[in-house]
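Q: Please take one part of this model and describe it closely, with the cut-offs behind each term. A connected account is preferred to a list.

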Amino acid sequence: MAPNKEEMLDMYRKMLLIREFEETVANLFSQGQIPGFVHLYVGEEAVAVGVCSNLGDKDYIASTHRGHGHGIARGASVEKMMAEIFGKIDGYCKGKGGSMHIAAVELGFLGANGIVGAGLPLAAGAAFANKYLKNGGVAVCFFGDGASNRATFHEALNLASIWKLPVIFVCENNMYGISMSQERHQNINDIADRAVAYGIPGVSVDGNDVMAVYEAAAEAIKRARAGEGPTLIECKTYRFRGHFEGDACVYRSEEEVNEWKKKCPIQRFGTSLLEMNIASREELDAISAEVKEQIKNAVEFARKSPYPDVSELTTDVYCD
Ligand SMILES: Cc1ncc(C[n+]2csc(CCOP(=O)(O)OP(=O)(O)O)c2C)c(N)n1
Ligand SMILES: [Mg+2]
């Protein structure tokens with residue numbers, strides 16, 4: 001079913017929230033205020049939001065090293081996300097996960113992951129659990145073009161197809177694995193073509209068009225919930241920033257980056273909301289102002305939160 005006005009405005013708000021969150025993290029990181037390493041999702045917001053806007057309580061998502069956008073799209077609190085990235089006690093993992101291992105299992109967010117391609121078998125497992133429990137839930141795995149060359153991709157698609165698991169494999173084809181362009185790392189244009197080898201549907205969509213992503217995900221989720229098995233969705237997109245913060249980006253041209261910036265998923269969605277008379281300029285500006293305030297508060301929250309006490313060192317690390 002097509003989203004209504006309220007749902008569309010929520011999608012717009014979430015995309016802006018991700019953008020503002022990520023640009024704020026970039027700033028804070030450049031000032032040395034955030035420890036570790038960060039990979040940002042700027043430019044790819046339509047993928048996480050288009051997919052997650054279709055999910056319900058019983059559903060799971062598995063993410064990547066570029067996971068902030070997935071968490072926010074799944075409904076995570078930006079305060080607790082920011083505190084986690086700062087390494088503070090009020091973060092989702094009490095500061096022990098940080099950017100690349102942030103997780104909120106209570107939201108069905110199985111976590112960001114520093115291991116490329118590690119989310120695919122995790123999602124297949126979560127989908128198996130849902131099928132076994134017959135609760136109607138699905139699992140979504142986000143992963144990159146680079147990850148589609150890993151054995152985990154092939155093993156997870158094989159198992160999920162043979163067992164008809166309710167899982168949706170969402171490939172974020174941003175055309176690079178670090179500095180390696182897609183044309184140098186695989187001999188195909190459309191990663192969706194790989195679905196043929198597993199006898200499942202494979203669709204390729206414009207990943208900067210949130211409604212196209214939403215519709216492809218809705219169809220795949222409907223299929224999965226009906227017991228018809230997995231789908232591979234390839235979303236063609238682009239990261240506006242480097243692979244990680246600090247990347248000199250010498251492997252791609254400024255012209256290429258600028259061409260993609262013209263296809264900004266948030267600007268495009270904003271323009272179509274105006275053209276469809278779903279929102280006025282004033283409404284969109286008000287959303288933008290609210291989002292800015294929300295992220296300002298998240299940073300304040302993260303700054304005020306203490307670092308974990310030494311006694312926290314081994315809590316939540318091992319299972320009893
Ligand atoms: C198993 C494994 N191999 C290599 C790496 C190093 N590494 C980190 S990110 C990355 C590229 C991932 O590219 P892609 O899957 O396209 O995701 P993107 O960064 O473009 O979102 C690599 C090779 C890793 N973290 N894990
Ligand atoms: Mg990539």
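A: Lys164 has a relative accessible area of 44% and therefore counts as partly exposed; the class lies between buried, under 20% relative accessible area, and exposed, over 50%, with a 1.4 Å probe and protein chains only. This is a predicted model, in which local features need pLDDT of at least 70 and side-chain atom pairs count only at pLDDT 80 or more, while totals for chains, interfaces and linings use all residues. Residues are numbered from 1 along each chain as its sequence is written, chains are lettered from A and ligands numbered from 1 in the order in which they are written, and side-chain values use heavy atoms, with hydrogens and water left out.

Lys164 sits in the loop between α6 and β3. Helices (H or I, at least four residues) and strands (E, at least two) are DSSP runs, numbered from the N terminus. Although Lys164 is not a glycine, its phi is positive, at about 50 degrees.

The two elements on either side of that loop lead to the sheet. It is an open sheet of 5 strands in the order β1-β2-β3-β7-β6, with parallel pairing; two strands pair if DSSP finds at least two bridges between them. The edges are β1 (60-62) and β6 (202-206), and each has a single partner strand, so one side of each is left without a neighbour in the sheet. From one strand to the next the twist averages 20 degrees. Axes here are lines fitted to C-alpha atoms, for helices over the stretch in contact, and angles run from 0 to 180 degrees between N-to-C directions.

Helix α6 (residues 151-162) packs on this sheet, where it touches β2 (139-144), β3 (167-173) and β7. Contact means heavy atoms within 4.5 Å. The direction of α6 makes about 150 degrees with that of β3.

Strand by strand, the pairing begins with β1 and β2, which are parallel over 3 bridges. In this pair Ala62 stands opposite Cys141 of β2. Next, β2 and β3 run parallel and are joined by 6 bridges, with Phe142 having Val170 in β3 as its bridge partner. In β2, 5 of the 6 residues are buried, so this strand is largely enclosed by the rest of the structure. At the other end of the order, β6 pairs in the parallel sense with β7 (residues 231-236) over 5 bridges, and the partner of Val205 in β7 is Cys235.

Cys235 leads to the cysteines. A disulfide is a pair of cysteine sulfur atoms within 2.5 Å, and a search of the whole structure finds 0 of them. Cys171 is in no disulfide, its nearest cysteine sulfur being that of Cys235 at 8.0 Å. Seen from Cys235, the closest cysteine sulfur is that of Cys171, and 8.0 Å is too far for a bond. Cys171 counts as buried because its relative accessibility is 0%; Cys235 is also buried, with a relative accessible area of 0%.

The loops that follow β2 and β3 bring in the metal site. The magnesium ion (ligand 2) has as protein donors Asp145 (OD), Asn174 (OD1) and Tyr176 (O), lying 2.1 Å from it. Donors are N, O and S atoms within 2.8 Å of the metal (3.2 Å for Na, K and Ca), and water is not among the atoms, so sites may look incomplete. The sequence spacing of the donor residues is D-x28-N-x1-Y. Asp145, in the loop between β2 and α6, and Asn174, in the loop between β3 and β4 (176-177), are 29 residues apart, and the pair links distant parts of the chain. Asp145 is buried at a relative accessible area of 1%, and Asn174 is buried at 6% relative accessibility.

Met175 also lies in the loop between β3 and β4. Its phi is positive, about 75 degrees, although Met175 is not a glycine. With a relative accessible area of 26%, Met175 is partly exposed.

As for annotation, an unreviewed UniProt entry lists residues 13-310 as "domain: Dehydrogenase E1 component"; UniProt positions are given in the numbering used here, feature names are shortened, and annotations may be inferred rather than shown by experiment. The end C-alpha atoms of residues 13-310 lie 38 Å apart, and the span is 44% helix and 10% strand.
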